[in-house]
Amino acid sequence: MAEETVDPSEIGEQDAPPVDQKPYKLIFEANKCIAAGKCAEVSDNWEMDLLSGIAKPQTYFFDDAELAHNVEAANVCPAKKDRGVIHVIDRRTNEELAPDPHGDGTVSVDW
């Protein structure tokens, strides 16, 4: 039986707010978080769970007002050899805005 692949851009969409209200979302590879805390240093959306040592966003869907600091959190994440485990996705185009290690908007989630 062939393994079914998951399209990362579809994650969370079934319970998501309307795209016109919250056009951006986070995909977080929590299982690869190395607990560096860089995201929480630069973004009010991110906090460190002191028990697990893993970062956690307060919200996964947001608008333009919250875009810059979430992009910064994705860009400063040192996990996966500085490729990061926080992915900011434009829900209108399904393109990765950050960290975008491929430079072409391809979602760089690897599970």
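At 67% relative accessibility, Ala65 of this predicted model counts as exposed, since the cut-off for that class is anything over 50%. The residue is found in the loop between strand E4 (61–62) and helix H2 (67–76). Ala65 also gives a handy sense of how the chain spreads out: Lys80 is 15 residues away from Ala65 in sequence, yet the two C-alpha atoms are 28 Å apart in space. Lys80 comes back further down, as a partner in a salt bridge with Glu29.

Strand E1 is quite another setting. E1 is mostly covered, with 5 of its 5 residues buried. Tyr24, Leu26 and Phe28 point one way from the strand, while Lys25 and Ile27 point the other way, and all are buried. As for its partners, E1 runs antiparallel to E4, and 2 bridges join them. One of the pairings is that of Tyr24, whose bridge partner in E4 is Phe62. E1 also runs antiparallel to strand E5 (residues 86–90), this time with 5 bridges joining the two. Within that pairing, Phe28 has Ile86 of E5 as its bridge partner.

Now to the empty space. Rolling a probe the size of a water molecule over the atoms shows where such space is left. The largest pocket comes out at a volume of about 160 Å³. Which element gives the most to its lining? Strand E1 (residues 24–28) does, with 4 residues. The full set of lining residues is Ile11, Gly12, Lys25, Leu26, Ile27, Phe28, Glu29, Ala30, Asn31, Tyr60, Phe61 and Trp111. Sorted by class, that lining has 8 nonpolar, 2 polar and 2 charged residues. Lys25 and Glu29 are both among the residues that line this pocket, and each of them takes part in salt bridging, as set out below.

The model also holds a closed space: the count comes to 1 cavity of 30 Å³ or more. The largest cavity has a volume of about 70 Å³. Its lining is made up of 13 residues, and Cys33, Ala36, Gly37, Cys39 and Cys77 are the ones that lie nearest its centre. By class, 11 residues of the cavity lining are nonpolar, 1 is polar and 1 is charged.

That leaves the charged residues. Side chains of opposite charge can pair when their charged atoms come close. The count for this model comes to 7 salt bridges. In one of them, Lys25 pairs with Glu13, and the closest N and O atoms are 3.1 Å apart. The pair links distant parts of the chain, with Lys25 in strand E1 and Glu13 in the segment before E1, 12 residues apart. How do the two ends of this bridge sit with respect to the surface, buried or partly exposed? Lys25 has a relative accessibility of 1% and so counts as buried, whereas Glu13, with a relative accessible area of 24%, is partly exposed.

Glu29 deserves a paragraph of its own. Glu29 is found in the loop between E1 and helix H1 (38–42), and its relative accessible area is 1%, so it is buried. With which residues is Glu29 in contact, leaving aside its neighbours within four places in sequence? They are Lys80, Gly84, Val85, His87, Ser108, Val109, Asp110 and Trp111. Within its own stretch of chain, Glu29 forms a salt bridge with Lys32, the closest N and O atoms being 3.6 Å apart. Lys32 counts as partly exposed, because its relative accessibility is 26%. The side chains of Glu29 and Lys80 meet in another salt bridge, at 2.7 Å from N to O. This second pair links distant parts of the chain: Glu29 lies in the loop between E1 and H1 and Lys80 in helix H3 (residues 79–82), 51 residues apart. Both Glu29 and Lys80 are buried. Salt bridges that share partners join Glu29, Lys32, Lys80 and Asp110 into one network. Two members of that network, Lys80 and Asp110, also appear in the list of residues in contact with Glu29.

Methods. Residues numbered from 1 in each chain as written. Predicted model: local features only at pLDDT ≥ 70, side-chain atom pairs only at ≥ 80, totals over all residues. Heavy atoms only, no water. 1 Å grid on protein atoms, 1.4 Å probe; cavity = no way out; pocket = protein on both sides within 12 Å on 5 of 7 lines; lining within 4 Å. Points joined across faces, edges and corners; volume = space filled by probe spheres on them. Nonpolar A, V, L, I, M, F, W, Y, C, P; charged D, E, K, R; others polar. Buried < 20%, exposed > 50% of the residue type's maximum accessible area, 1.4 Å probe, protein only. Contact = heavy atoms within 4.5 Å. Pairing = 2+ DSSP bridges. Salt bridge = Lys/Arg side-chain N within 4 Å of Asp/Glu carboxyl O.
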